[in-house]
Amino acid sequence: MKKGLIIGALLLLAGCSSTIENTYYQLPAGSNVARVESAAGTGQPMIWVEQVTVPDYMAGNGLVYQTSDVKYVIAANNLWASPLDQQLQQTLIRNLSKALPGRLVAGAPLGDTHDTLSVNVTGFQGRYDGQVVVSGEWLLQHQGRLIKHGFNLTLPQTEDGYDALVRTLALGWQQTAQQIANSVVSLN
């Protein structure tokens, strides 16, 4: 009898416990840029994407969702597969490489002559009203000059869920890279 009660209690406890699975997200890579030629002989400077920084609350693993004008929630089970700042830097390099053919864009300094790009991301989250925010500023050191621009994109999230959120964030980041590329082209 006692044995049956113990087994029944264990089964009841096992039925009440649930395992919550983590889901990991990576910004979509888009089209691969397979260029290996050097831009050194083209007369156009190389671009070193020195860093992409994010605020502390975005530097953790959880995706961020803004639930009101002053409240942010960091997801506990919907996580970035790798650090967000690294993903942003890698996708920025890919997007700039695609938008600036003939230039070598890299995450490390290449030679003595190169432009240096730093980006500070201040917003990269979904929002309570169905919008996605991508904001911050970038600083380009170009031939001894410093060029600084802000960006503030608000894009509609057309579907529900974290998959759609990540895809919309990636679209906003791609548009930011295009704005940077347009500014770089206008310098020459």
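Which backbone oxygen lies 2.9 Å from a polar atom of the side chain of Gln87? The backbone oxygen is that of Ser82. This is a predicted model in which local features need pLDDT of at least 70 and side-chain atom pairs count only at pLDDT 80 or more, whereas totals for chains, interfaces and linings use all residues. Residues are numbered from 1 along each chain as its sequence is written, and side-chain values use heavy atoms, with hydrogens and water left out.

**Chain overview**

- The chain has 4 helices and 8 strands, these being DSSP runs numbered from the N terminus (helices H or I of at least four residues, strands E of at least two), and their order along the sequence is α-β-β-α-β-β-α-β-β-β-β-α.
- Of the 188 residues in the chain, 38% are buried, a term that here stands for under 20% relative accessible area, with exposed meaning over 50% and partly exposed in between (1.4 Å probe, protein chains only).
- Among contacts (heavy atoms within 4.5 Å) between residues at least 6 apart in sequence, 67% join residues at least 24 apart.

**Two residues of helix H3**

- Gln87 lies in helix H3 and, with a relative accessible area of 1%, is buried.
- Apart from residues up to four places away in sequence, Gln87 touches Tyr25, Gln26, Leu27, Trp80, Ala81 and Ser82, the last of these being the residue whose backbone oxygen lies 2.9 Å from a polar atom of the Gln87 side chain.
- Leu84 is also placed in helix H3, which covers residues 84-99, and Leu84 counts as buried because its relative accessibility is 2%.
- Leu84 touches Val54, Met58 and Phe124 when residues up to four places away in sequence are not counted, while the C-alpha atoms of Leu84 and Leu63, residues 21 apart in sequence, are 9.1 Å apart.

**The largest nonpolar core**

- The largest nonpolar core (a set of buried Ala, Val, Leu, Ile, Met, Phe, Trp, Tyr and Cys residues joined through side-chain atoms within 4.5 Å) has 37 residues, of which Leu92, Leu96, Leu117, Val119, Phe124 and Trp173 touch the most other members.
- At least two residues of this core come from each of strand E2 (46-53), strand E3 (62-66), H3, strand E6 (114-127), strand E7 (131-142), strand E8 (145-156) and helix H4 (162-187), and H4 supplies the largest share, 9 residues.
- Leaving aside neighbours within four places in sequence, Leu92 is in contact with Val49, Val52, Leu117, Val119, Trp173, Ala177 and Ile180.

Notes. Polar contact = N/O pair within 3.5 Å; in protein donor to acceptor, adjacent residues only side chain to side chain.
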